[in-house]
Amino acid sequence: MKIFENIINHKINTISGEELLKYANQFNIKVNRQQANKVAQFLQGKNVNIFDSRQRTTLIKEIAKIAGPETAREVNKLFVQFTKN
């Protein structure tokens, strides 16, 4: 499953606001365009592993600082969907 994790992490680290918005809509996650753009801009090049709970928690805390706690909770829901097997 390591290759699957690498693909997901690469997508997270290179995601655009439009892509993030598309995935949010697909999974019924409430994120608006401005929030998606802020989060995507923040994620660009971070090289995080969302399958590592510590890294994901740190990332969500940083997202809360830039886009607000509610947006961070919604993005975390999306990350959880991405990491389900």
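Residues are called buried when their relative accessible area is under 20%, exposed when it is over 50%, and partly exposed in between. The legends below apply these terms to a predicted model.

**Figure 1. The two sides of helix 3 in the predicted model.** Residues Q34 and Q41 of helix 3 are exposed. They lie on the other side of the helix from a buried group made up of A36, V39, A40, F42 and L43. These buried residues are on the same side of helix 3 because they cover an arc of only 160° around its axis. The cover over the buried residues of helix 3 includes helix 1, helix 2, helix 4 and helix 5.

**Figure 2. The largest nonpolar core.** This core consists of 25 residues. Those with the most contacts inside the core are L43, I50, L59, I63, F79 and F82. Two or more core residues come from each of helix 1 (2-14), helix 2 (17-26), helix 3 (33-43), helix 4 (53-67) and helix 5 (69-83). As a general background to this view, nonpolar side chains in soluble globular proteins tend to be buried together.

**Figure 3. The surroundings of I63.** When neighbours within four places in sequence are left aside, I63 is in contact with V39, F42, G68, A72, V75 and F79. Among these partners, V39 and F42 are buried residues of helix 3. I63 and F79 are both listed among the residues with the most contacts inside the largest nonpolar core.

**Figure 4. The environment of T83 in helix 5.** T83 has a relative accessible area of 18% and is therefore buried, the limit for that class being under 20%. Apart from neighbours within four places in sequence, T83 is in contact with I50, F51 and R56. One of these partners, I50, is also among the residues with the most contacts inside the largest nonpolar core.

**Figure 5. A nonpolar patch on the surface.** The residues I3, F4 and I7 make a nonpolar surface patch of about 310 Å². F4 belongs to helix 1. With a relative accessible area of 30%, F4 is partly exposed.

**Figure 6. Salt bridges of E19 with K11 and of R33 with E18.** The structure holds 5 salt bridges, and two of them are presented here. In general, side chains of opposite charge can pair when their charged atoms come close. The side chains of E19 and K11 meet at 2.8 Å, N to O. E19 is partly exposed at 25% relative accessibility, and K11 is likewise partly exposed at 27%. In the pair formed by R33 and E18, the closest N and O atoms are 2.2 Å apart. Because R33 lies in helix 3 and E18 in helix 2, this pair ties together parts that are 15 residues apart in sequence. R33 is partly exposed, with a relative accessible area of 45%, and E18 is partly exposed at 46%.

**Figure 7. A salt bridge within helix 4.** The side chains of K65 and E62 meet in a salt bridge at 3.3 Å, N to O. K65 and E62 are 3 residues apart in helix 4, so about one helical turn separates them. K65 counts as exposed, at 66% relative accessibility, whereas E62 is partly exposed, with a relative accessible area of 30%.

Methods:
Residues are numbered from 1 along each chain as its sequence is written. This is a predicted model: local features need pLDDT of at least 70, side-chain atom pairs count only at pLDDT 80 or more; totals for chains, interfaces and linings use all residues. Side-chain values use heavy atoms; hydrogens and water are left out. A nonpolar core is a set of buried Ala, Val, Leu, Ile, Met, Phe, Trp, Tyr and Cys residues joined through side-chain atoms within 4.5 Å. Buried means under 20% relative accessible area, exposed over 50%, partly exposed in between (1.4 Å probe, protein chains only). Helices (H or I, at least four residues) and strands (E, at least two) are DSSP runs, numbered from the N terminus. Contact means heavy atoms within 4.5 Å. Patches are made of residues with over 30% relative accessible area and no salt bridge: like charges are joined within 9 Å, nonpolar side chains (Val, Leu, Ile, Met, Phe, Trp, Tyr) within 5 Å. Accessible areas come from the Shrake-Rupley method with a 1.4 Å probe; for residues, only the protein chains shown count as cover. A salt bridge is a side-chain nitrogen of Lys or Arg within 4 Å of a carboxyl oxygen of Asp or Glu. The arc is that of the directions from the helix axis to the C-beta atoms.
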